[in-house]
Structures are given as structure tokens and as C-alpha cells.
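This report covers a metal site and a sheet. Please look at the model below before reading on.

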Amino acid sequence: MDYVTHYKCTLCQKSYEAPVDFYTCPSCGETGILDVLYDLDKLKLDLSRDTFAARGDFSMWRYAPLLPVKETHMKDTLRVGWTPLYASKRLKDTMGLKRFHIKDEGMNPTGSLKDRASAVAVLKALEVGNTTIACSSTGNAASSLAGNAARLGVKTVIFVPSRAPKGKLSQLIAFGARVVRVEGDYKAAYNLSKAAIGHFGWYNRNAAINAHMVEGKKTVAFEIVEQLDFHPPDWVVVSVGDGCTIAGVHKGFKELEALGLTKKTPRLLGVQSVGCAPFFEAAKEGRGLRETNGDTIADSIAVGIPRNPVKALRAVKETSGEWVTVTDEAILEAVRTLGKEEGVFAEPAAAASLAGLEKALREGIIGKDEHVVLVSTGNGLKDTLSMKASLGRIKNFQGGLEELIEYFDKDHHKGGTK
Ligand SMILES: *Cc1c(COP(=O)(O)O)cnc(C)c1O
Ligand SMILES: [Zn+2]
């Protein structure tokens, strides 16, 4: 917090001295999304590779000096972050990769990477004395906000599109959120939330608008670096909806490099679904983003009008990264592969990153000798219906051993185990 100096508009590049009492650039309006800037020279003097571990804090707050929040309530939050970075055991051989790690963000308290942003939102709201926070979300921003706010006694109003999966809605109810389900898609939910936030004056956790959300998300990059002993990988693979996650990943790696704590920033592979790929299409055709349908099973990345176009496009471009798209079939297959080969149960949007990695390897975008980290952004338990087709293949037994022996003799066991 002490190190934040300015907020800089990603459109007109104008800088505003911290603190500011607006979310987006007053000159550019809602599309003038801000970047949070820190006093890197001062940080360089005060930080070393050992600083984070020395704090003895196994949560995202071990990076407190690099975050735009006061430390006042950090000890009271849920435990967000410091999720496992698994060295792949089998999948790396299947894919022919020499070094491959999986960052399991499904292990966060409400089961997704969004907890990192929501924890910051709750502390920020308390700082400015606002006791109600609102957001619109395809699901995880909402459930993470509801959970993290509940922990600190802050109220939440959540706008969700009508298609939000039951697992995520159940979380909202359990965490005591006031839920506004809006007929239509994410856009409809977003627009109503915007009007309501303007009217009621709630704290706004809409990710792109609120620059602090990307700050929370960047801590996943800090952790990857620390967990790899300050040797960043060659590539990091992230699925993309609004674009705030990949923007945060980018900012995190870049800041560590700027501070001299690492020597490089990885290339970023942005993965979208074929049914909803505004970033992929814009990058391919070298133009700005156009509204698309949000037509994919991966609800968390079904964002037809991404709210963070500048930061996400920049993340891929500046790192010489790439965009790929994957089909819903490939996504569902990837859910099973990640579960079966590594024991990580990912929701469809999270497993999309694996489908994207497989495609990037096939197309020669990523080389087999490169070190890859896959960010599995959310827990599969949130959306168990995505496995519906496979559930039908489970056979019913009457309880007698004979029948079971016969079944295994016939080598029918493929669907059940491996
Ligand atoms: C939100 C989300 C994403 C995408 O993040 P954006 O910031 O919207 O690009 C990917 N996977 C999961 C599980 C998410 O919840
Ligand atoms: Zn501006």
C-alpha cells in the first residue's frame, strides 16, 4: 500500500496521483481502465527474494508490499493463495513435455483464482468504509466475493446471468449473498449491476472497472515464481474471459522482473472457446474487439464483451505469446485428462487451458523442450454437470460378486477406472 504512487489510464496514458476516488479514468470514462503503479525504486531497496518467505505467511498476503491494500485486516481474511504448484507426473510424458507444472487454483477457499481479487475487494471496501459490495459475474467472481465478504461481515449483492451453474449459485446462498439473477447473458447481468451500483453507491467489484482486482490476481504469478525458486517458466497457459486473469498474470511476472527478482517474463498463451473467442479473433485479424455470442460449456469464459481488452491483448502481445481456441468437446476431454492423469478436478473453463496447451503443442506454438505452467483456474466440484455425459456410462450392479467378476473378465472396466 505504501508503495502505490499513481493510477495510469490504459487508453490515454494519463497518470493520477494515489489515492484516487474513481474507478476508471475521468477523461476516458468507463473504458479508461487504470493500471496501479508502484514506486519500484523504493521497492527495489526494500525487497529481496527472501522478503516474502520471511513474512511466514502462507497466503497471498505474503506479497503485501506489492499490493494496493493496507495490512489492517489481512489476518482476518479467509486463507487465499499459496495454492499448490504440482510438477506433472504423467501428463508431461503423454504430451512429450520435459517440464510441466500445474498451478491448482481450485484449492482457494471458494474454489477459484477469483478469490485473489475478491479478498482485495473486501479489504478495499473496508478501507473506504463501504459495507456492501456488488458485482456481476459468470459465477466465480460472485461466489468468491460472497465467501470472502462473509468472512469479514461485509454484505454482498450479486448479479448473475440466468445460465450460472447450480454449484456456483449454491455457494452464493451458503455465503448469504443477496442474489439478483438476470434473464439473459453476462452482458445483461453486467448492465443491471452497473446501473444499480450507480444508484445505491455500493463498492464495485466488477473486475475490469476496478483496477485493484488485477492486483489481487497478479499474486498467482508471484507464487509460481517463488515456487519455482525464482526461475520463471517459458510459457504460462491461462483461459480468458474478461481478460483480467491473464492481465494479472502478466503484471505479476513483469513486476518481479522490473524489481530485478527474476530475469524474464514468460510468454502467455491465452485460451478461449471456439464458441466465444473475441480476443482470439481480434488478435488474428489485427483489430479491436467485437461483441460475440457467449456460446460455450465453459461458463466462466463465456464473455461476449470482455471488459478488459487493452490489458489482455497487451499481455499476450508484449510477451510474444499466442491466442488459441478450443472446442467444447476438447474442453470436456481435458477435464477428464487432468483428473485421470494428475488428480486435479477442474471446471470446464479451467480445463480449457489444457485443451489449449495440447493444441499449441500440436501447432508448434509451444516447443516440447519448453517449460510450461498451466493455471487451473477453478475447481471441478463447482460444475459437476459438465460430466453428465460420462455419468450415463456407469453401470448398475445388483450386489453379487459373480456379476462383478464377469464384468471385469469381459474387460468392461475402462469406464470405471482407467
Ligand atoms: C474468471 C475465470 C476465468 C477467466 O478470467 P477472466 O479474468 O474473466 O479472463 C477462467 N477460469 C475460471 C475458472 C474463472 O472463474
Ligand atoms: Zn484516460
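The zinc ion (ligand 2) is held by four sulfur donors, Cys-9 (SG), Cys-12 (SG), Cys-25 (SG) and Cys-28 (SG), at 2.3 to 2.4 Å. Donors are N, O and S atoms within 2.8 Å of the metal (3.2 Å for Na, K and Ca), and water is not among the atoms, so sites may look incomplete. The angles among the four donor atoms are 107 to 114°, which makes the site tetrahedral (for four donors, all angles between 85 and 135 degrees). Along the sequence, the donor residues follow the spacing C-x2-C-x12-C-x2-C. Cys-9 in strand β1 and Cys-28 in the loop between β2 and β3 are 19 residues apart, and the pair links distant parts of the chain.

The model is predicted: local features need pLDDT of at least 70, side-chain atom pairs count only at pLDDT 80 or more, and totals for chains, interfaces and linings use all residues. Residues are numbered from 1 along each chain as its sequence is written, chains are lettered from A and ligands numbered from 1 in the order in which they are written, and side-chain values use heavy atoms, with hydrogens and water left out.

Accessibility is given for two of the donor residues (buried: under 20% relative accessible area; exposed: over 50%; partly exposed: in between; 1.4 Å probe, protein chains only).

| Residue | Relative accessible area | Class |
|---|---|---|
| Cys-9 | 1% | buried |
| Cys-28 | 27% | partly exposed |

Strands (DSSP runs of E, at least two residues, numbered from the N terminus) pair if DSSP finds at least two bridges between them. Three strands form an open, antiparallel sheet in the order β2-β1-β3. β2 (15–17) and β3 (34–38) are at the edges with a single partner strand each, so one side of each has no neighbour in the sheet. Strand β1 (residues 4–9) is joined to β2 by three bridges, and Tyr-7 has Tyr-16 in β2 as its bridge partner.

Methods:
Helix = DSSP H or I, 4+ residues; strand = E, 2+ residues; numbered from the N terminus. Tetrahedral: all angles 85-135°; square planar, octahedral: opposite > 155°, others 65-115°.
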